[in-house]
Each structure stands twice: as C-alpha cells, then as structure tokens.
Amino acid sequence: MGNHLTEMAPSTPFLPHFQALHVVVIGLDSAGKTSLLYRLKFKEFVQSVPTKGFNTEKIRVPLGGSRGTTFQVWDVGGQEKLRPLWRSYTRRTDGLVFVVDAAEAERLEEAKVELHRISRASDNQGVPVLVLANKQDQPGALSAGEVEKRLAVRELAAATLTHVQGCSAVDGAGLQPGLERLYEMILKRKKAARGSKKRR
Ligand code: GDP
C-alpha cells in the first residue's frame with residue numbers, strides 16, 4: 001500500500017505547510033466505497049460485504065516529495081440510519097469523494113439528494129468534490145457525463161470545485177486519474193485561501 005498516490009502526483013507543486021490531508025469517502029450503501037479503499041490500499045479487488053456501521057481507513061503516503069504527509073481516507077456507511085453521522089465525519093475535510101454505483105441508475109436520484117445535502121452543509125462549503133462513477137466494468141453502467149447530469153453536479157455551489165470520474169474497483173481503472181484531479185483541486189483551493197489571507 002502507499003506508493004500509489006506518490007506515483008500519481010510527482011509533478012504536482014507541493015505546498016510546504018501541508019501536514020495532513022483529510023479526505024472523506026462517502027456514498028450510498030453498496031456503491032463500492034469499501035472496495036475502492038481496498039483497491040487503493042492493497043492494489044487488488046477484495047470482495048467485501050456492504051458497509052454496515054462505518055469503518056475508517058488511513059492511507060499514509062509521502063506526497064509531492066514531502067515525507068510524512070498523510071492522506072487520510074474515511075469510509076462511512078451510507079445506510080439510511082447512519083446518514084446523520086455523515087456530517088460529523090466530514091467536518092474539516094479537505095476533499096470529498098462521493099461514490100455512486102453507475103450501474104444502478106434507479107438510485108442516482110437518492111444519491112443526488114445526499115450529495116447536495118452533504119456538499120451544502122456549512123462545514124463543507126467550497127470543499128472540492130470528486131464523484132466516482134463506480135462499476136464501469138458492469139454492462140450498462142452510465143458514463144461519467146451521464147452521472148454528472150443525473151446528480152446535477154454543476155448545480156453544486158459555484159465556488160465548489162468538482163470532477164466526475166468513471167472508475168471500477170474491480171480493475172482499478174479511473175481511480176488514479178480521479179484522485180489526481182482531487183489532489184489538484186485541493187491544492188488550488190488551499191492556494192486561493194492563502195492568496196485571500198495575504199490580501200487581507
Ligand atoms: P460500500 O457499501 O459502498 O462499501 O460497497 P462495497 O465496496 O461493499 O461494494 C458493494 C458490492 O459491489 C460488493 O459486492 C462489491 O464486490 C461490488 N463492487 C464494488 N465495486 C465494484 C465495481 O467496480 N464493479 C463491480 N462489478 N462490482 C463492484
């Protein structure tokens with residue numbers, strides 16, 4: 001585990017004051033959150049059962065040449081009764097990864113409501129959002145573009161940087177470019193925040 005993220009962002013400019021990145025992985029139950037985490041951690045597909053309760057995973061990686069930078073990933077179960085917990089887990093996060101099952105079109109409306117709810121929560125305003133349109137290996141899975149439309153991603157607050165990426169936890173396709181974009185969006189937001197502090 002670990003080197004994956006180092007490999008993916010060698011040319012991204014490093015912000016020296018970064019100590020830890022906190023990224024929350026979130027989505028409806030069975031979207032594939034746990035499988036994607038396992039794929040990141042073990043670089044292989046691990047058969048899992050849908051997340052009951054919640055689990056958290058920490059992926060510690062040196063990023064952009066810095067030693068000891070921590071990329072922290074949380075996985076929170078998406079089951080109905082647990083959704084109120086989402087807010088407490090997404091507080092002070094640098095980035096949100098919202099996972100959907102792109103092969104289950106019927107649940108995208110439900111996913112849309114949750115995505116908009118979580119992104120609009122006061123603590124999360126402006127936090128970059130990476131939507132992973134997972135299960136692209138399944139026949140009939142909706143494309144990233146279609147998922148973007150159905151989730152109305154462009155209707156999230158104008159200040160929120162977003163990217164929708166098709167991926168599959170089975171073969172790992174799309175995961176690296178998606179996380180790369182998230183990392184870029186996080187850096188962009190941090191830089192903008194630093195710039196506005198200086199101007200004050
Ligand atoms: P979670 O509840 O969001 O954590 O979902 P899981 O990771 O437990 O996945 C739910 C089910 O979908 C499991 O049976 C996984 O094996 C399966 N799954 C997850 N990702 C993929 C994928 O990319 N492709 C396919 N075909 N199945 C997947």
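Is Gln-165 buried or exposed? At 15% relative accessibility, Gln-165 counts as buried. Keep in mind that this is a predicted model.

I'll stay with that residue for a moment. Gln-165 sits in strand β6, which covers residues 162-166. Its side chain makes a polar contact of 3.1 Å with the side chain of His-163. What else does Gln-165 touch, leaving aside neighbours within four places in sequence? There is a run of contacts with Leu-130, Val-131, Leu-132 and Ala-133, and Gln-165 is also in contact with Ala-144, Gly-174, Pro-177 and Gly-178.

Now to the salt bridges. The count for this model comes to eight. I'll go through some of them.

Start with Asp-94 and Lys-190. Their side chains meet in a salt bridge, with 2.8 Å from N to O. Asp-94 lies in the loop between α3 (83-90) and β4 (95-101), and Lys-190 is in helix α6, residues 175-199, so this pair ties together parts that are 96 residues apart in sequence. On accessibility, Asp-94 is buried, at 12% relative accessible area. Lys-190, at 24%, counts as partly exposed. The cut-off for buried is under 20%, so Asp-94 with its 12% falls below that value, while Lys-190 with its 24% does not.

Next, helix α5, which spans residues 144-150. Which residues does Glu-146 pair with here? One partner is Lys-149, in a salt bridge of 3.8 Å from N to O. Both residues lie in helix α5, three residues apart, or about one turn of the helix. The other partner I'll mention is Arg-150, where the closest N and O atoms are 3.1 Å apart. Glu-146 and Arg-150 are four residues apart in helix α5, which again puts about one helical turn between them.

How accessible are these residues? Lys-149 is exposed, with a relative accessible area of 64%. Glu-146 counts as partly exposed at 25%, and Arg-150 also counts as partly exposed, at 36%. Elsewhere, salt bridges that share partners join Asp-29, Arg-107 and Glu-110 into one network.

To recap: Gln-165 is buried in this model, and its side chain has a polar contact with that of His-163. Asp-94 and Lys-190 link a loop to helix α6. In helix α5, Glu-146 forms salt bridges with Lys-149 and with Arg-150.

Definitions and conventions: Residues numbered from 1 in each chain as written. Predicted model: local features only at pLDDT ≥ 70, side-chain atom pairs only at ≥ 80, totals over all residues. Heavy atoms only, no water. Salt bridge = Lys/Arg side-chain N within 4 Å of Asp/Glu carboxyl O. Helix = DSSP H or I, 4+ residues; strand = E, 2+ residues; numbered from the N terminus. Buried < 20%, exposed > 50% of the residue type's maximum accessible area, 1.4 Å probe, protein only. Polar contact = N/O pair within 3.5 Å; in protein donor to acceptor, adjacent residues only side chain to side chain. Contact = heavy atoms within 4.5 Å.
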